[in-house]
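Trainee: Could you walk me through how the labels on this structure are earned? I'd like to set each value against its cut-off.

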Amino acid sequence: MMLFSTTQGRTVVALSTAERLGTIAACTLAPSPAHISALHLKTRGRHGHIMLWKNVHSFGEDAVTVRSAEGLKPEKELDSAEEAHKSHDPLGKRVLTEAGESMGTVEDIDFDEQDGSLRALLTTEGKVPGDRLMGVGSYAVVVHRPG
């Protein structure tokens, strides 16, 4: 079990240059299959940057390593429809079923640090299995209704 809250502030290092790129500030999720699509990094300057999960080499206890800094992209260059856009950050958002029923607010994310797959959303009303994720938007996280 890896909770996203325990990774916030962790340093991200590029393997090709051994340079510090920033620290983890947030993440975005994508469905089908549910996974972390990008890490949002706090970097020097006014705006943050994103690193797509596909560029992550290893998610260690002390640092996250990525192949190179070439995958780093300024957040301000992303279109709101892109999976990596900050509007797809689930933390603090309301969780709704496709039937419009509330399932609380996302407090944390349980994910697999090896491949970024979403194990569960931890909400104010309990755990929602990751395979129920349908989408994340600027207003809410939508999940399949419990079976």
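Mentor: Sure, let's begin with accessibility: buried means under 20% relative accessible area, exposed means over 50%, and partly exposed is in between, with a 1.4 Å probe and protein chains only. Keep in mind that this is a predicted model, where local features need pLDDT of at least 70, side-chain atom pairs count only at pLDDT 80 or more, and totals for chains, interfaces and linings use all residues. Residues are numbered from 1 along each chain as its sequence is written, and side-chain values use heavy atoms, with hydrogens and water left out.

Trainee: Why is Ala18 called exposed?

Mentor: Ala18 has a relative accessible area of 61%, and the cut-off for exposed is over 50%, so the label fits. Ala18 sits in the loop between strand S2 (11-14) and S3. Its phi is positive, about 60 degrees, although Ala18 is not a glycine.

Trainee: What makes a positive phi worth pointing out?

Mentor: Most residues other than glycine have a negative phi. Ser32 is another case, with a positive phi near 60 degrees. Ser32 lies in the loop between S3 and S4 and, at 69% relative accessibility, counts as exposed.

Trainee: What kind of peptide bond joins Ser32 and Pro33?

Mentor: A cis one, with omega about -15 degrees. Pro33 is in the loop between S3 and S4 too. As a rule, most peptide bonds are trans.

Trainee: How do you know what counts as a strand?

Mentor: Strands are DSSP runs of E, at least two residues long, while helices are runs of H or I of at least four, and both are numbered from the N terminus. By that count the chain has 0 helices and 14 strands.

Trainee: And what makes two strands partners?

Mentor: DSSP has to find at least two bridges between them. Strand S3 (residues 20-30) and strand S4 (residues 35-42) are joined by 7 bridges and run antiparallel, so they pass that test. Within this pair, Ile24 stands opposite Leu41 in S4.

Trainee: In what order do the strands of the open sheet run?

Mentor: The order is S6-S7-S2-S3-S4-S5-S8, which makes 7 strands with mixed pairing. Strand S6 (56-59) and strand S8 (72-74) each have a single partner strand, so they stand at the edges with one side left without a neighbour in the sheet.

Trainee: Why is the pair Phe4 and Phe111 called tilted?

Mentor: Rings of Phe, Tyr and Trp (its six-membered ring) pair if their centres lie within 6.5 Å; planes under 30 degrees apart are stacked, over 60 edge-to-face, and the rest tilted. A search of the whole structure finds 4 aromatic pairs. For Phe4 and Phe111 the centres are 6.3 Å apart and the planes at 55 degrees, so tilted is the label. Phe4 lies in the loop between strand S1 (2-3) and S2, and Phe111 in strand S10 (residues 102-111), so the pair ties together parts 107 residues apart in sequence.

Trainee: What makes Trp53 and Phe59 a stacked pair?

Mentor: Their ring centres are 5.5 Å apart and their planes at 20 degrees, so this pair is stacked. Trp53 and Phe59 are buried. Phe4 is at 0% relative accessibility, so Phe4 counts as buried, and Phe111, at 0%, is buried as well. Phe4, Trp53, Phe59 and Phe111 form one aromatic cluster.
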